[in-house]
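Reader: I would like to go through this structure with you, with some care about what each statement rests on. Could we take it topic by topic?

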Amino acid sequence: MAPSTSRSGVVAPGAVIGVVGGGQLGRMLAAAAHQLGYRVAVFTGGETDTPAGRVAEYEIAAPFDDAEARRAFVEVSDVVTWEFENVDTVVGDEARAAGLPVRPAPELVRTCQDRRREREMLGEAGVPHAPWSPVSSADEILTWCDMWGGRALVKAARGGYDGKSQQLVDPADPRTVAAAAALCAAGPTIAESVVEFHREVSVVVARSLDGTIVDHGVVVNTHVDGILDTSVTCTDPDLVEAATGLAWQVAAALELVGVACVEMFDTGDGLLVNEIAPRPHNSGHLTIEAAAASQFDQQVRTVCGLPLGDGRCRPAAMAQLLGEVWDSGDPDWSVVLARRGVHLHLYGKSEPRRGRKMGHLTVVGDSPDEALERVTEARRALIAAPRLAPVSP
Ligand code: AMP
């Protein structure tokens, strides 16, 4: 008999976890699910042979607007979760209508996929964030700049990530105003104050069906061209208390059942929440080696109604491997594999495009600084090493 959801909301091992999205987050989620004896179905949104689909029991490689494919996904799944939020959530509504638990709920995903709703929610919950306003024209952007005394960051309300679909506006520079107006013409847009921050931090938090919350502590992040470059665990007790407190507040306000990442700016004078991802996040990758229960373990546990694990992290750091690392050929992986304590993760993507997340390195160290030094040094050595000779066909 097919495994089913018990009255307490528990989805027992053996069941199929349906994952919306086929990327690397789904791939690492599948590894955690398999460890606990679950099976995985991936709904990719169109692509075939995706990072998650390659390791899942089922890969449904069809667009999200394919009603037949949605039916097939719901049919094969016992519970549904998400590895990417910029999707049409109708599949979640349909899964729920068919009686499946959908965790996090589709409404929560809709809140997080629209910067206007997300910021309204933060405002209602009393969570600090940068001043913002919806804008729809160059005039409104200039009025905003006048009102807030300077520059603005104009962001597409939907679909933007990794700094994409954003324009920094200097009211004295008409080109930046025109570029922002073009964003407004393409869809709903917000203007936001430019935050002068000391550092960017994030907290990955898990909340279970019964409202229990566990976090992985705080990580400090650096970005290059809007894309996360490194993450390192943080031991500053004041920052940890403040940032985890805000993340718990967000998880409770959202009535989250699942895992979320809350990204924040540390202004030196307090924290401002920038963005919420209703799923594991690349700033939480280091939890795979640094915590007893990783962010992906916690996603399986929350989605299946199981008790949460211990998410506390040892000092650790992560360095992302983008497509650029392949610029002069296939890297010689022995350079990092031979280093003590360096963990290599490759996402199985065949085409190393610039800016594309292809993998990451993690080091667990004696201190955050030491872990960060070792992981960035390992990446430097990898990039500097002679490339492997191409394999002859
Ligand atoms: P986002 O797509 O909102 O996560 O933004 C990507 C990156 O842009 C962030 O990680 C920050 O480095 C930067 N950024 C976003 N919003 C702001 C802001 N209001 N002020 C300053 N920098 C920002």
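Author: The questions below turn to the ligand, the aromatic rings, some loop residues and the backbone, and they concern a predicted model.

Reader: Which residues come nearest to the ligand?

Author: The shell around the ligand divides into five nonpolar, five polar and five charged residues. Of these 15 residues around the ligand, the ones that come nearest are Lys155, Glu192, Val195, Glu200 and Glu275.

Reader: Which strands each supply at least two residues of the shell around the ligand?

Author: Seen by domain, the shell draws at least three residues from each of domain 2 (131–193) and domain 3 (199–384). Seen by secondary structure, the strands that each supply at least two residues of the shell are strand 6 (152–156), strand 8 (189–193) and strand 13 (271–277).

Reader: How far from a nitrogen atom of the ligand does a polar side-chain atom of Glu192 lie?

Author: Polar side chains approach the ligand at its oxygen atoms too: an N or O atom in the side chain of Arg115 is 3.0 Å from a ligand oxygen, and an N or O atom in the side chain of Asn274 is 3.2 Å from a ligand oxygen. For Glu192, the partner is a nitrogen atom of the ligand, and the distance from the polar side-chain atom is 2.8 Å.

Reader: How much of the accessible area that the ligand has on its own does the protein cover?

Author: On its own, the ligand has 480 Å² of accessible area. The part of that area covered by the protein is 90%.

Reader: Turning to the aromatic rings, what kind of pair do Phe43 and Phe64 form?

Author: The structure holds five aromatic pairs. In the one formed by Phe43 and Phe64, the ring centres are 5.0 Å apart and the planes stand at 75°. Planes over 60 degrees apart count as edge-to-face, and the pair of Phe43 and Phe64 is therefore edge-to-face.

Reader: Which parts of the chain does the pair of Phe43 and Phe64 tie together, and how many residues apart are they in sequence?

Author: Phe43 lies in strand 2 (residues 39–43), whereas Phe64 lies in the loop between strand 3 (58–60) and helix 2 (67–76). Phe43 is buried at a relative accessible area of 0%, and Phe64 is buried as well, at 16%. Because the two rings sit in these two elements, the pair ties together parts of the chain whose separation in sequence is 21 residues.

Reader: Which residue joins Phe43 and Phe64 in one aromatic cluster?

Author: Phe43 and Phe64 belong to a cluster of aromatic residues. Their partner in that cluster is Phe73.

Reader: Why is the pair of Trp144 and Trp148 described as tilted?

Author: Both residues lie in helix 6 (residues 138–148), four residues apart, which separates them by about one helical turn. Their ring centres are 5.3 Å apart and their planes meet at 40°. Planes under 30 degrees apart would count as stacked and planes over 60 as edge-to-face, so with an angle of 40° the pair is tilted.

Reader: Is Trp148 buried, partly exposed or exposed?

Author: Trp144 has a relative accessibility of 4% and counts as buried. For Trp148 the value is 44%, and since exposed requires over 50% and buried under 20%, Trp148 counts as partly exposed.

Reader: Is Leu100 buried or exposed?

Author: Leu100 lies in the loop between helix 3 (90–97) and helix 4 (106–112), and its C-alpha atom is 8.0 Å from that of Ser77, 23 residues away along the chain. Its relative accessibility is 14%, and because the cut-off for a buried residue is under 20%, Leu100 counts as buried.

Reader: Which peptide bond is cis, with omega near -5°?

Author: The proline in question, Pro104, is found in the loop between helix 3 and helix 4. The cis peptide bond with omega near -5° leads from Arg103 to Pro104.

Reader: What value does phi of Asp225 take?

Author: Asp225 is found in the loop between strand 10 (213–224) and strand 11 (227–233), where it is exposed with a relative accessible area of 72%. Its phi is positive although Asp225 is a residue other than glycine, and the value is near 50°.

Methods:
Residues numbered from 1 in each chain as written. Predicted model: local features only at pLDDT ≥ 70, side-chain atom pairs only at ≥ 80, totals over all residues. Heavy atoms only, no water. Phe/Tyr/Trp six-rings, centres within 6.5 Å; stacked < 30°, edge-to-face > 60°. Buried < 20%, exposed > 50% of the residue type's maximum accessible area, 1.4 Å probe, protein only. Near = heavy atom within 4 Å. Polar contact = N/O pair within 3.5 Å; in protein donor to acceptor, adjacent residues only side chain to side chain. Areas by Shrake-Rupley, 256 points an atom, 1.4 Å probe, with all protein chains shown as cover. Nonpolar A, V, L, I, M, F, W, Y, C, P; charged D, E, K, R; others polar. Domains from an automatic or database assignment.
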